[in-house]
Amino acid sequence: MRSLLIAAALAAIVCAAAVGAPSLAGVDPTGAQITFWYQHSAERDTAMQALLAEFNRTNPWKITVHGEYAGPYDQIYNKMVAAIAAGNTPELVVAYQNQSATYAVSNAIVDLDPYVHDPTWGVQKDLGDFIAGFINQDYTSQFGGMRLGFPPNRSIEILYSNTAMLKAAGIAAPPRTWDEFYADCQKVTSAQKGTYGYALDNLDASHVFSFVISRGGSFTTPDGTAYRLDTPEMKDTFLYMRKLLTAGLARKIAKKYDDQTEFGNGAAAFAVGSTSGIPYYGAAVKAGRGGAFDWGIGPVPQSTTSRPPAIDLYGASVSVTRTTPKKQLAAWLFIRWFSEARQQAAWTHESLYFPVRRSAEPLIADILKSDPRFATAWDLLKTADLKGEPPFAGYDLVRDAISSAYSRVLDGADVDSTLAALQAQAQKILKDSSP
């Protein structure tokens, strides 16, 4: 129902004619008031508010950015769809690439490439300092190479391993391949001890994407213009996970974040999640019913060790909505400030997200020294084959469809007919959602 309401709301929006690249000459951002919708809560909200206060106090243009916790990502997305229809959007909004693409269909956000490369206001001279995979993720062929946003941080999808449980089962190191993963799940599963291999989240399409690219596959055609979800790699992923479940080597988690609880309680040997979840897994282990234990992180298992591991790179960016030249430039100037090494390091200390600049590394040396898991993830980031999920408008709906198809196959549905229907559904969503 939620997907239908969103699609209906977007269809009702009257799209304005595309506007060319903005000219920033003569634009004065002085005194602009900016509203920023983000998803950070609790300690991260406090840290973000402190950074906003510093920017507001120190920027020479007397720009004021008002940060607002607007709910989790899906709630922000729903609010933005309504705000676009009502003509009442914030000037800055956190958005995954596919979400900002949906906003771009309605001409509601600004192409940030002219800002990035502007000789006065841009960061062109610093582009070599940014991790290329991070800032290139916001380009999309669906809109002729438009830059949909700019990254405030990034994370990657990793495998969490209970190394203490593995060691007790005679396993010297976490699995590198899917064959090793299956064998390890067999060794740690014990009805008597109440332990099993993998806490399986069947509702997160990002996990499916990670498993597919680890097998050399993709969610799109080679030219990145269409979905390709009925592939051998997708079929292998679905059937492999069903085999784990059927054999009792994996269990579906009941609700979001239960995989952290199962892992922390010492029941599951493995879980898959974002590197930004490292502190949450650590807290779950400390609070677990069996007491703290040794654990670690590494790449999701791969089909082969003959190439660098393919890793899902993800994280929401910040998009600038189409308002006035003054406010748009002011919003960009906050993004530019936030992306500087000092602020990036400060944000990493609070959030444990990856900084987007290489020059921030010396400023997070204390984290790299004190947190070996984060250090492992940071090193993995430098050597892995980073891949992003499709930045298509309507991908939220396709993610829902992938999760539904995954669940049906895990429950015994025919995989070939299910994937054929999924492919047709995804292509229809892409057609209906395209500009």
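Which residue's side chain meets that of Lys327 in a salt bridge? I looked this up first, keeping in mind that the model is predicted.

**Entry: Lys327**

I find the side chain of Glu91 as the partner, at 3.3 Å from N to O. I then looked up where the two residues sit. Lys327 belongs to helix H13, residues 325-338, while Glu91 is in the loop between H3 and strand S3 (92-95). The pair links distant parts of the chain, with the two positions 236 residues apart. I noted the accessibility of each partner as well. Lys327 has a relative accessibility of 28%, so I enter it as partly exposed. Glu91 comes out at 8% and is therefore buried, the cut-off being under 20%.

**Entry: Asp204**

I looked up a further salt bridge, between the side chains of Asp204 and Arg399, and read 3.3 Å from N to O. Asp204 is in the loop between strand S7 (196-200) and helix H9 (205-214), and Arg399 is in helix H17 (residues 395-410), so this salt bridge ties together parts 195 residues apart in sequence. Asp204 has a relative accessible area of 18% and is buried. Arg399, at 22%, counts as partly exposed.

**Entry: a network**

I checked which salt bridges share partners. Lys125, Asp126, Asp129 and Arg357 are joined into one network in this way. Within it I looked up the pair of Asp126 and Lys125, whose side chains meet at 3.5 Å, N to O. Lys125 is exposed at 74% relative accessibility. Asp126 is partly exposed, with a relative accessible area of 23%. For the whole structure I note 16 salt bridges.

**Entry: H3 and H4**

I turned to helix packing. How do helix H3 and helix H4 pack, by angle and by distance between their axes? For H3 (residues 73-86) and H4 (residues 97-105) I get an angle of about 5° and axes 11 Å apart. I therefore record H3 as roughly parallel to H4, since angles under 35 degrees count as such.

I then listed the residues in contact. On the H3 side they are Tyr73, Ile76, Tyr77, Met80 and Ile84. On the H4 side they are Gln99, Thr102 and Tyr103. Sorted by class, the contact has six nonpolar residues, two polar ones and no charged ones.

**Entry: recap**

I keep two salt bridges for their span along the chain: Lys327 with Glu91, 236 residues apart, and Asp204 with Arg399, whose parts are 195 residues apart in sequence. I also keep the contact of H3 with H4, which has no charged residues.

Notes
Residues numbered from 1 in each chain as written. Predicted model: local features only at pLDDT ≥ 70, side-chain atom pairs only at ≥ 80, totals over all residues. Heavy atoms only, no water. Axes fitted to C-alpha atoms, helices over the stretch in contact; angles between N-to-C directions. Helix = DSSP H or I, 4+ residues; strand = E, 2+ residues; numbered from the N terminus. Parallel < 35°, antiparallel > 145°, perpendicular 65-115°, else oblique. Contact = heavy atoms within 4.5 Å. Nonpolar A, V, L, I, M, F, W, Y, C, P; charged D, E, K, R; others polar. Salt bridge = Lys/Arg side-chain N within 4 Å of Asp/Glu carboxyl O. Buried < 20%, exposed > 50% of the residue type's maximum accessible area, 1.4 Å probe, protein only.
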